[in-house]
Amino acid sequence: MKRRYRHAALSATKEVGWSSVERQSIVHSLISVNVGLPRDIAWQGRIVHTAVWKRSVAGRVMARRLNLDGDGQGDLAGHGGEHRAVMVYQLDSYRHWEAYLRRHDFEYGQFGENLTVDGLPDNEVCIGDRYRIGGALFEVTQPRVTCYRVGIRMKNPAMPALLVSHRRPGFYFRVIEEGEIGAGDEIVKVVDGPEHVTVQEIDRLLYLPGRTPDQLQRALRIPALSAGWKSSFQSLVAAEEKHDRGGNASFAPSSAPPEMWRGFRSLRVAAVQRESGDVLSFVLESENRSPLPAPLPGQFLVFKLELEKDSDLILRSYSMSGPPGTGTYRISVKRAAGAGSRYFHDRVRAGDLLQVSAPRGSFTLAPGNRPVALLSAGIGVTAVLSMLHSLADGAANSTREVWWCYGTRNRTEHPFAAEARALLLGLPQNHSFVAYSKPEVGDQSGKDYDICGHLNLSSLQQLRVPKEADFYLCGPAAFLRDFTADLKSWGVPVSCIHSEVFGAESSKTPGIASATSVSPHPPVENVGTGPKVSFTRSGLTVPWNSRYESLLEFAEACDVPVRWACRTGVCHNCECGLIDGRISYAPEPLDRPAEGNILICCSTPLTAVELDL
């Protein structure tokens, strides 16, 4: 098939062995300027809003701060902005993919790039390099963001992973000086980037294993590197400092600590305790009474419950509410309409054996000396109560300020009131604030509660809780949504806002047109006969159907909320906890997830599996 782009005459940059003097004398050139505006396309039964289709334009085009004239981005959360204004891809990579994919139907803009260039290879261009093209000055800020839409454009869903594994991502410019550019313009380097870290090296650091702390620190010293990539590298540095095992901390934290147990084990109910009118606590111990491994404060347990003899098992998750170092676990359950809540309140007694997972969850108390604000409502108190226990246990040598802020209806529905007060008395710098929304006649203001109303941002401001605190939020969905938005508007950094979500998390489906929310359900027309797949947060268990390519596709067919971006095992957005069972990968992830986690975009079940979804 006839090629739809012309090869530039200069091809010296493809060769190896050039000296630094010879390399600097090589002239790079702009071959094509490509633009495209967002449009809706049909894909797998959904509508994608994307501008990945770029077309070569004749004449000169104005390069502006946020994009080129005539160009746009469909998903501004993942593309566009000052540091991702102009995408660059190289003719040499076109030739590489021609040979590898055995295709000769490419046209300029095929890879979603704005500038098709001769030269500027990813293994030589460095973050922070500046180039003069025509009347504009550009600065290299980051590699391409791996994204499923380039797979749509290329009619090859594996393309996001191939761009990374073949070390040919391409890169973004930001526009330092606006000006006109056009095909045929010479590309002249005017500034070398500090640290001399190439686009290829930066891409490898984020997406591939084998990174070192020194390499990460070197990348963080580059002023031109975009804020998003810096944040990812800071997460990786923090994980190295904590000696976190495996996975890629820039994308998803591990959902279970190491060296505990896989799947479920029998634990005995040692005691049942009433905490309030509608809350019971259950203390769990090992069958032989040997100490259980210490959890991290804030984690939860998953229970496999048989409601009736020979009935299908259900899975339910409950936060641990007790001190983390006692050798036993305590959960606290509020009586509600759910089957799990009724089972615990009506059926579970001391001496019973329950099937329990290892402690899980990344909503955990971070070490350090920063102020801590524990904000909760209703039964959300359980997870932050375990954090308060941990803080009180270490209070002898601690100077941390701790704010305990809790909201409930009244004293009858106020669990752990005395326990929390006792723990706070052991903290040298403690602050307590309790809000009752509907106090009863006998409830005493100043003793049982501090204000009549709801816990809100105004309360924190009146208490003079510092913005520099770490904020831990746990409670109903509306409480989390509103409080998170208020804290952000107040100026609290997102990295300092931590929350525990009851039930399924919100979806992340970049570029997909929003649809009406539907409760999780079995696939409408494709009932499977394979091993059972349990989505524990969604309360759904269904047999696997092999017509689906991955657990991600299966979850989507069940309307289970999911998060993804690349769909090929690169970005880790789809990473979730594997509570029990075995899976296989196809393709193999470029960087394996943390122990206890899986990537659902490229995995299928080998046995019955329980997923933290």
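1. Let's start with a word you'll need: two residues are in contact when heavy atoms of theirs lie within 4.5 Å. Keep in mind, too, that what you have in front of you is a predicted model. Now look up Ile-202. Leaving aside neighbours within four places in sequence, Ile-202 is in contact with Ile-127, Pro-143, Val-197, Ala-219, Ile-222, Leu-225, Trp-229 and Phe-233.

2. Zoom out from Ile-202 and you find the largest nonpolar core, with 50 residues. Ile-202 is among the residues with the most contacts inside this core, along with Leu-68, Leu-115, Phe-138, Phe-173, Ile-181 and Phe-233. Which helix gives the most to this core? That's helix H5 (residues 199–207), with five residues. There is also a second, separate core of 36 residues, and Ile-41, Tyr-148, Val-542 and Ile-598 are included in it. As background, nonpolar side chains in soluble globular proteins tend to be buried together.

3. Helix H6 (residues 213–220) is a nice one for practising with helix sides. Its buried residues are Leu-216, Ala-219 and Leu-220. Why do they sit on the same side of H6? Because they cover an arc of only 100° around the axis. You've already met Ala-219: it is one of the residues that Ile-202 is in contact with.

4. Next, the six-stranded sheet. It is open, its pairing is antiparallel, and walking across it gives the order S16-S15-S18-S13-S14-S17. The edges are strand S16 (313–319) and strand S17 (329–334), each of which pairs on one side only. On average, neighbouring strands here are turned by 40° against each other, if you ignore direction. For a close look at one pair, take strand S14 (residues 279–286) and S17: they run antiparallel and are joined by six bridges. Within that pair, Leu-280 stands opposite Val-333 in S17.

5. Now see what sits on that sheet. Helix H8 (residues 339–347) lies across S14, strand S15 (300–306), S16, S17 and strand S18 (353–357), and runs at about 80° to S16. Which residues of H8 are buried? They are Gly-340, Ser-341, Tyr-343, Phe-344 and His-345. These buried residues pack against S14, S15, S16, S17 and S18.

6. Strand S23 (residues 470–474) is worth a stop as well. Five of its five residues are buried, so count this strand as mostly covered; the cut-off for buried is under 20% relative accessible area. Both faces are covered, with Asp-470, Tyr-472 and Cys-474 on one side and Phe-471 and Leu-473 on the other. How many bridges join strand S19 (residues 372–377) to S23? Five, and the two strands run parallel. Ser-376, for instance, has Cys-474 in S23 as its bridge partner. S23 also runs parallel to strand S24 (residues 497–500), joined by four bridges, and there Leu-473 stands opposite Ser-499.

7. Ser-376 turns up again when you look at Val-381. You'll find Val-381 in helix H9 (residues 381–393). Is it buried or exposed? Val-381 counts as buried, at 1% relative accessibility. Not counting residues up to four places away in sequence, Val-381 touches Ser-376, Trp-404, Tyr-406, Pro-415 and Phe-416. Try this one on screen too: Val-381 and Gly-475 are 94 residues apart along the chain, while their C-alpha atoms are separated by 7.3 Å.

8. One more sheet to trace. This open sheet has five strands in the order S26-S25-S31-S27-S29, and its pairing is mixed. Strand S26 (540–543) and strand S29 (597–599) are the edge strands, each pairing on one side only. Neighbouring strands are turned by 35° against each other on average, direction ignored. Two bridges join strand S27 (residues 575–580) to strand S31 (residues 609–611), and this pair runs antiparallel. Asp-580 has Glu-610 in S31 as its bridge partner.

9. Last, the cysteines. How many disulfides does the structure hold? Zero. Take Cys-147: its sulfur is 9.1 Å from the closest cysteine sulfur, in Cys-566, and that is too far for a bond. Cys-147 is buried, with a relative accessible area of 7%. For Cys-496, the closest cysteine sulfur is in Cys-405, 16 Å away, again too far for a bond. Cys-496 counts as buried too, at 8% relative accessibility.

Key:
Residues numbered from 1 in each chain as written. Predicted model: local features only at pLDDT ≥ 70, side-chain atom pairs only at ≥ 80, totals over all residues. Heavy atoms only, no water. Buried < 20%, exposed > 50% of the residue type's maximum accessible area, 1.4 Å probe, protein only. Arc of directions from axis to C-beta. Pairing = 2+ DSSP bridges. Axes fitted to C-alpha atoms, helices over the stretch in contact; angles between N-to-C directions. Core = buried A, V, L, I, M, F, W, Y, C linked by side-chain atoms within 4.5 Å. Disulfide = S-S within 2.5 Å.
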